[in-house]
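Open the structure in your viewer and keep the sequence panel beside it. This tour goes to one strand, follows its neighbours, and then steps back to the whole chain.

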Amino acid sequence: MTVVPRLVLSAPSSGHGKNALAIGLLAAFADRGLDVAGFKVGPDQVDAAYLGLAAGSPGRTLDPRLVGTERLGPLLLHGAADTGLAVVQGSMGLYDSLTGRHETESTAAVATALRSPVVLVVDVAAMGQSVAALVHGFRAYDEQLWIGGVILNRVASSRHETLLREALDDIGIPVYGALRRHDLPSVLPSRRHGVMPVLEGTGDAARAVRRLGEAVTATVDLERLIGLARSAPPLGVQPWSSAGAPPLPAGAAPPVVAVAGGPAGSFSHAETVELLRAAGAEVVTVDPFADEVLPAGTRALVVGGALPESYAERLSANRRLCIAVAELARTGRPVIGEGAGLLWLARELDGLPMCGVIDAVGTSRDGLVVGYREATAQEDSVVAARGEVMVGHKEHRAVLTPRGGPRPAWSWPGGAPEGFVWRGVHASQLVPHWAAYPRIAPRLVAAASAEPATVAAGDGGAAPTDRAVVAPAGPAGVAGCGPAGGPSA
């Protein structure tokens with residue numbers, strides 16, 4: 001039976017330092033030669049990317065709302081295969097959840113499902129003996145939860161540390177580390193850059209991770225912590241597998257599926273690429289900021305949900321690739337845009353020309369749209385059959401006009417239909433996790449292998465492209481893709 005040493009790192013609330021601690025722990029253990037794996041509770045692909053950078057392997061998300069509680073253990077075993085430690089970074093406070101469903105979707109619920117000890121990171125800058133009452137309350141709130149100890153952050157002095165340790169010793173809570181107020185530096189790149197510093201392999205991201213690892217090595221008892229992780233029992237489930245019935249006939253050439261990303265990974269979940277390969281695709285990366293053409297032989301394109309909205313200028317500047325993407329879509333090849341991938345496929349964003357695959361205009365706003373949606377497919381597409389229900393996550397500032405095309409992708413209670421289905425295109429700001437819907441990959445690969453159906457101009461889709469519209473020339477003198485034509489719905 002598979003046993004993976006594991007820890008869940010959580011906190012009483014956001015702001016206690018668990019993100020930096022989780023990254024630092026992975027970097028510290030990796031520097032000691034231990035194979036490690038990093039996971040993030042919830043949909044946050046940015047934190048997951050930095051956990052992956054620290055671990056030296058793909059960072060993954062464990063979101064019970066997106067993948068179902070029953071897949072949490074299998075996904076952890078899959079992502080942590082052949083490693084000596086899995087570190088799971090929690091979301092918000094230990095018992096919090098975005099939806100209020102703390103009994104199934106909080107970090108505590110994930111830790112219980114994973115049968116994992118929890119290490120609580122506590123900011124004690126303004127706290128003395130009360131730390132014992134705080135931790136005791138968190139332990140007593142759910143007796144099924146295994147709180148294995150604490151790491152103290154922002155300790156003021158040696159005397160302060162002694163006071164805190166004595167208070168916690170009175171209630172039988174081990175202390176695995178104590179960091180002074182400036183031990184955990186604020187060195188990570190701004191979140192407005194999203195996953196880009198990780199995917200581009202910038203020195204800033206690597207240096208930040210290294211500094212956090214050094215801080216943790218100097219202040220945390222790593223030997224005792226790995227001992228706690230190794231005490232976690234078997235999960236009693238089998239690892240998740242991307243393998244399924246390939247949609248291609250035996251001996252068929254694998255279609256080339258381009259996945260948007262950078263030198264160090266893609267904007268999609270790690271499982272997306274694994275599912276595509278298992279379905280028979282030859283997966284190649286296309287960098288929307290650096291590559292001016294699609295990879296040779298590309299028959300489908302996937303733009304994942306971690307593409308940052310804040311990089312509109314750089315996306316717009318790459319006019320040649322915009323033209324190539326628009327042509328791929330015009331010929332009926334499958335193109336999937338998730339999250340900000342939809343904005344890249346739009347006519348323009350904040351006045352900047354984009355790919356023009358769909359006839360819609362994006363505008364950034366101050367407010368953030370965030371939350372889960374249980375969505376019903378409105379059309380047959382490469383993602384879903386009409387009437388199929390999927391759960392996805394939305395997190396964006398930019399909004400589109402129109403919100404959906406003549407053939408919208410999704411509908412859900414309380415909102416107008418959203419997204420665009422046109423020829424082989426499926427574009428939406430909703431981001432599902434493909435591990436929960438493994439049939440997406442075979443559908444896409446089968447469509448990529450087939451010859452596109454013959455289509456006529458004005459075929460009722462989101463943006464008929466047969467009527468040429470030329471946008472202003474890009475910075476290199478290349479005509480922009482322009483809008484894909486047709487009246488806005």
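A residue counts as buried here when its relative accessible area is under 20%. The model is a predicted one.

Select residues 256–262, which form strand β8. How many of its residues are buried? Seven of the seven are, so by the cut-off of under 20% the strand is mostly covered. Now colour the two faces of β8 separately. Val256, Ala258, Ala260 and Gly262 lie on one side, with Val257, Val259 and Gly261 on the other, and all are buried.

Next, add residues 282–286, strand β10, which pairs with β8 in the parallel sense over five bridges. Look for Val256, which has Glu282 of β10 opposite.

Then add residues 298–303, strand β11. This strand also runs parallel to β8, and four bridges join them. Here Val257 stands opposite Ala300.

Continue along the chain to residues 265–266, strand β9. Its pairing with β8 is antiparallel, over two bridges, and the hairpin joining these strands passes through two residues. Gly262 faces Gly265 of β9.

Finally, select the whole protein chain. It holds 16 helices and 24 strands. Its radius of gyration is 24 Å, close to the 23 Å that the globule rule gives for 489 residues, so the chain is as compact as a globular protein of that length. The C-alpha trace spans about 75 × 45 × 45 Å along its principal axes. Across the chain, 57% of the 489 residues count as buried.

Notes
Residues numbered from 1 in each chain as written. Predicted model: local features only at pLDDT ≥ 70, side-chain atom pairs only at ≥ 80, totals over all residues. Heavy atoms only, no water. Rg over C-alpha atoms; globule rule 2.2 N^0.38 Å. Buried < 20%, exposed > 50% of the residue type's maximum accessible area, 1.4 Å probe, protein only. Pairing = 2+ DSSP bridges.
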